[in-house]
Amino acid sequence: MIMEAHKVFGREDRIFCPKWLKVSFSPISLFFGCEAACFPCMTADSKAETFTLWMKSLIMQGNGLTVFNGNGRIVFRIDNYDEKSSREVFLMDLRGKLLFTLRRKSIWFECDWEGFKEDGDVNREERKPFFRVKKVLRFFSKKLSCDVIFCGDESQESLCYRFEGLWGKTTFRILDSRGGLVAEAKRKQSTLGIQLGEDVLSLVLVQTNLDHSLLMALVTVYLLIQHRI
């Protein structure tokens, strides 16, 4: 494991890489460099687009999520530092550009999430949610289902996706409004066929032409509901 101390967002943090990457590189280049490392143990299937979800922050002692594409390059990240299951989470790209702000909204015993797509031309206090994620209540059931509702320009809402999984388990499926499979997350396996821990997933995108940043915002909400990040 390689560790280095650097100034990140005005504070000093230790940035590290997981042992399962098995390569030597400078971790800080993944955050701010022009080049990204390619990791041989994370080769995607050429027939389907695949992302690797690592439910850790590259910042030492930090909580969050790091997302790699099929070439092993970091494309999305979340850094929550010492706080887990935060009420407000920020999805960023490699260079730290803010893409989505995710906020937990509690009403009585229900707890839903709202996603705000970041646009520099919109007043942050006046903007409306881009999507909402609502849990489907099933008492005394191990199944966890979440509906994704997109908010229209004229307060119109439409059900677009549904997450299906089990409480306490990281694997899940994403279905569209017709029940078709959009993406599926499973435990990551190395090139040697060794299954990694539950905090490392392979997310296979079955459907094409998806907004990857939106998809990762939705996946982040689901993992927050599962108290995984």
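Of the 229 residues in the protein chain, 46% count as buried. The model is a predicted one, and the exercises below walk through it piece by piece.

**Exercise 1. Get an overview**

Task: How many helices and strands does the protein chain have, and what share of its accessible surface belongs to carbon and sulfur atoms?

Solution.
- Start with the secondary structure: the chain has two helices and 14 strands.
- Then turn to the surface, which comes to about 12600 Å², with 49% belonging to carbon and sulfur atoms.
- Finally, look at contacts between residues at least 6 apart in sequence: 39% of these join residues at least 24 apart.

**Exercise 2. Check helix H2**

Task: What span should helix H2 have, and is the helix mostly covered or uncovered?

Solution.
- Helix H2 takes in residues 212–225, which makes 14 residues.
- The rise is 1.5 Å a residue, and the expected span uses one less than the number of residues.
- The helix should therefore span 20 Å, and its end C-alpha atoms are indeed 20 Å apart.
- As for cover, 13 of the 14 residues of H2 are buried.

**Exercise 3. Find the core**

Task: Which element gives the most residues to the largest nonpolar core?

Solution.
- The largest nonpolar core has 43 residues, and Phe131, Val133, Tyr161, Phe163, Phe172, Ile174 and Leu203 have the most contacts inside it.
- H2 is the top contributor to this core, with eleven residues.
- Apart from it lies another core, of seven residues, including Phe68, Ile74, Leu94 and Val200.
- Now zoom in on Leu203: beyond its sequence neighbours within four places, its contacts include Phe51, Phe172, Leu215, Met216 and Val219.
- In general, nonpolar side chains in soluble globular proteins tend to be buried together.

**Exercise 4. Place Phe76 and Phe139**

Task: Which of these counts as buried and which as exposed, Phe76 or Phe139?

Solution.
- Recall the cut-offs: buried is under 20% relative accessible area, and exposed is over 50%.
- Phe76, in strand E5, has a relative accessible area of 8%, so it is buried.
- Among the contacts of Phe76 are Leu65, Val67, Leu91, His212 and Met216. Phe76 and His212 are 136 residues apart in sequence, yet 9.4 Å apart in space, C-alpha to C-alpha.
- Phe139 sits in the loop between strands E9 and E10. Its relative accessibility is 66%, so it counts as exposed.
- Phe139 joins Leu137 and Phe140 in a nonpolar surface patch, with about 460 Å² of accessible area together.

**Exercise 5. Follow the salt bridges of Glu198**

Task: Which side chains meet Glu198 in salt bridges?

Solution.
- The structure holds nine salt bridges.
- Arg187 meets Glu198 at 4.0 Å, N to O. This pair links strand E13 to the loop between E13 and E14, eleven residues apart.
- Arg228 meets Glu198 at 3.4 Å, N to O. Here the partners are 30 residues apart, with Arg228 in the segment after H2.
- Glu198 is partly exposed because its relative accessibility is 29%; Arg187, at 27%, is partly exposed, and Arg228, at 26%, is partly exposed too.

**Exercise 6. Spot the positive phi angles**

Task: Where are Asn209 and His227 found?

Solution.
- Most residues other than glycine have a negative phi.
- Asn209 is not a glycine, although its phi is positive, about 60°. It is found in the loop between strand E14 and H2, and at 79% relative accessibility it counts as exposed.
- His227 also has a positive phi, near 60°, and is found in the segment after H2.

Notes
Residues are numbered from 1 along each chain as its sequence is written. This is a predicted model: local features need pLDDT of at least 70, side-chain atom pairs count only at pLDDT 80 or more; totals for chains, interfaces and linings use all residues. Side-chain values use heavy atoms; hydrogens and water are left out. Patches are made of residues with over 30% relative accessible area and no salt bridge: like charges are joined within 9 Å, nonpolar side chains (Val, Leu, Ile, Met, Phe, Trp, Tyr) within 5 Å. Accessible areas come from the Shrake-Rupley method with a 1.4 Å probe; for residues, only the protein chains shown count as cover. Helices (H or I, at least four residues) and strands (E, at least two) are DSSP runs, numbered from the N terminus. Buried means under 20% relative accessible area, exposed over 50%, partly exposed in between (1.4 Å probe, protein chains only). Contact means heavy atoms within 4.5 Å. A nonpolar core is a set of buried Ala, Val, Leu, Ile, Met, Phe, Trp, Tyr and Cys residues joined through side-chain atoms within 4.5 Å.
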